[in-house]
Amino acid sequence: MTSHYLLHVDARRSVLCLLSGLVATWAFAGALGLITGVLSLGAAEGRLPWQSPILAGVMLALVVGLPMTVVTLTAAHGDSRSASTAMVAAGALIVWVLLQLVMLRELSWLQPVCVMLAIAVAALGAPAFEPRAGAAR
C-alpha cells in the first residue's frame with residue numbers, strides 16, 4: 001500500500017526556509033573558517049575578546065548559525081513557532097553585526113548585507129496581517 005503525504009507549503013514560508021538556511025550555512029562556514037584559521041581578520045584579530053578567532057567562530061555559530069537553523073527547521077515543518085524564532089534569529093543577527101562594528105571598528109560590505117537578510121527573515125517570519133471580518137474598509 002502506498003500512502004501519499006502532501007504538505008501545502010506557501011511561497012512565503014518556502015522563501016523564509018531558503019533564506020534562513022542560506023544565512024545559517026553562511027554563518028557555519030564563516031565559523032569554521034575562523035576556527036580553522038582559513039579566514040583571517042588581519043589586524044582586527046587583536047581587537048577580538050582574548051584575541052581569539054576560535055572564540056569568535058564558536059560564538060558566530062551559536063549566535064547566528066544555530067538560531068537561523070532553528071528558523072529553517074520550524075519554517076520547513078510548518079511549526080507555529082516559526083514567527084517567533086524568525087524574530088529572535090533576525091534580532092540576534094542584527095546584534096551580532098552591531099557588536100562587530102563596536103568591537104572590530106571596521107565596516108565590511110557583508111555587514112549591511114547581513115542586516116538586510118535579517119530584516120527579510122523577520123519580515124517573512126512575521127505573521128501575515130489579516131483584517132478582521134466586518135472591519136471598515
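**A chain of four helices**

At 16% relative accessibility, threonine 72 counts as buried, because the limit for a buried residue is under 20%. This value, like every other one in this account, is computed from a predicted model. Threonine 72 is found in helix α2, and a polar atom of its side chain lies 2.9 Å from the backbone oxygen of methionine 68. Once residues up to four places away in sequence are set aside, threonine 72 touches Cys17, Ser20 and Gly21. One of these partners, cysteine 17, belongs to helix α1, and a look at the whole chain helps to place both residues.

The chain has four helices and zero strands, so that its pattern, read along the sequence, is α-α-α-α. Of the 137 residues in the chain, 34% are buried. Among the contacts with a separation of 6 or more, 70% are between residues 24 or more positions apart. The helices can now be taken pair by pair; in general, two packed helices are described by the angle between their axes and by the distance between those axes.

The pair to begin with is α1, which covers residues 11–36, and α2, which covers residues 53–76. These two helices pack at an angle of about 160°, and their axes are 8 Å apart. Since an angle over 145 degrees counts as roughly antiparallel, α1 and α2 are therefore roughly antiparallel to each other. The crossing of α1 and α2 is left-handed, and the residues of their contact divide into 21 nonpolar, seven polar and one charged.

Two places in α1 show how residues distant in sequence come together in space. Cysteine 17 and alanine 76 are 59 residues apart in sequence, yet their C-alpha atoms are 6.0 Å apart. Not counting residues up to four places away in sequence, cysteine 17 touches Thr72, Ala75 and Ala76, and the contact with threonine 72 is the one already met from the side of α2. Elsewhere in helix α1 lies leucine 32, whose C-alpha atom is separated by 6.5 Å from that of glycine 57, 25 residues apart along the chain. Is leucine 32 buried or exposed? At 53% relative accessibility, leucine 32 counts as exposed.

The next pair is α2 and α3, and α3 comprises residues 82–104. Here the helices pack at an angle of about 155°, with axes 8 Å apart, and that angle makes α2 roughly antiparallel to α3. The crossing of α2 and α3 is likewise described as left-handed. On the α2 side the residues that meet α3 include Met59, Leu60, Val63, Val64, Pro67, Met68, Val71 and Thr74, while on the α3 side they include Ser82, Thr85, Ala86, Ala89, Leu93 and Trp96. By residue class, this contact of α2 with α3 divides into 16 nonpolar, three polar and no charged.

Threonine 74, which is found in helix α2, is one of the residues that meet α3. At 10% relative accessibility, threonine 74 counts as buried, and a polar atom of its side chain lies 3.1 Å from the backbone oxygen of valine 71. Leaving aside its neighbours within four places in sequence, threonine 74 is in contact with Asp79, Ser82 and Thr85.

The remaining pair to describe is α3 and α4, the latter spanning residues 110–125. These helices pack at an angle of about 165°, with their axes 8 Å apart, and α3 and α4 are therefore roughly antiparallel to each other. α3 passes α4 in a left-handed crossing. The contact is made by residues of α3 that include Ala83, Met87, Leu93, Ile94, Val97, Gln100 and Leu101, and by residues of α4 that include Gln111, Cys114, Val115, Val121 and Gly125. The residues of this contact divide into 13 nonpolar, three polar and no charged.

Between α3 and α4 runs a loop that holds arginine 105. What is the sign of phi at arginine 105, which is not a glycine? Arginine 105 has a positive phi of about 55°. Most residues other than glycine have a negative phi, which is why a positive value invites a closer look. With a relative accessible area of 59%, arginine 105 is exposed.

Notes. Residues are numbered from 1 along each chain as its sequence is written. This is a predicted model: local features need pLDDT of at least 70, side-chain atom pairs count only at pLDDT 80 or more; totals for chains, interfaces and linings use all residues. Side-chain values use heavy atoms; hydrogens and water are left out. Axes are lines fitted to C-alpha atoms, for helices over the stretch in contact, and angles run from 0 to 180 degrees between N-to-C directions. Angles under 35 degrees count as roughly parallel, over 145 as roughly antiparallel, 65 to 115 as roughly perpendicular and the rest as oblique. A crossing is left-handed if the near helix is turned anticlockwise from the far one by less than a right angle, and right-handed if clockwise. Contact means heavy atoms within 4.5 Å. Ala, Val, Leu, Ile, Met, Phe, Trp, Tyr, Cys and Pro count as nonpolar, Asp, Glu, Lys and Arg as charged, and the others, Gly among them, as polar. Buried means under 20% relative accessible area, exposed over 50%, partly exposed in between (1.4 Å probe, protein chains only). A polar contact is a pair of N or O atoms within 3.5 Å; within protein, one must be able to donate a hydrogen and the other to accept it, and residues adjacent in sequence count only if both atoms are side-chain atoms.
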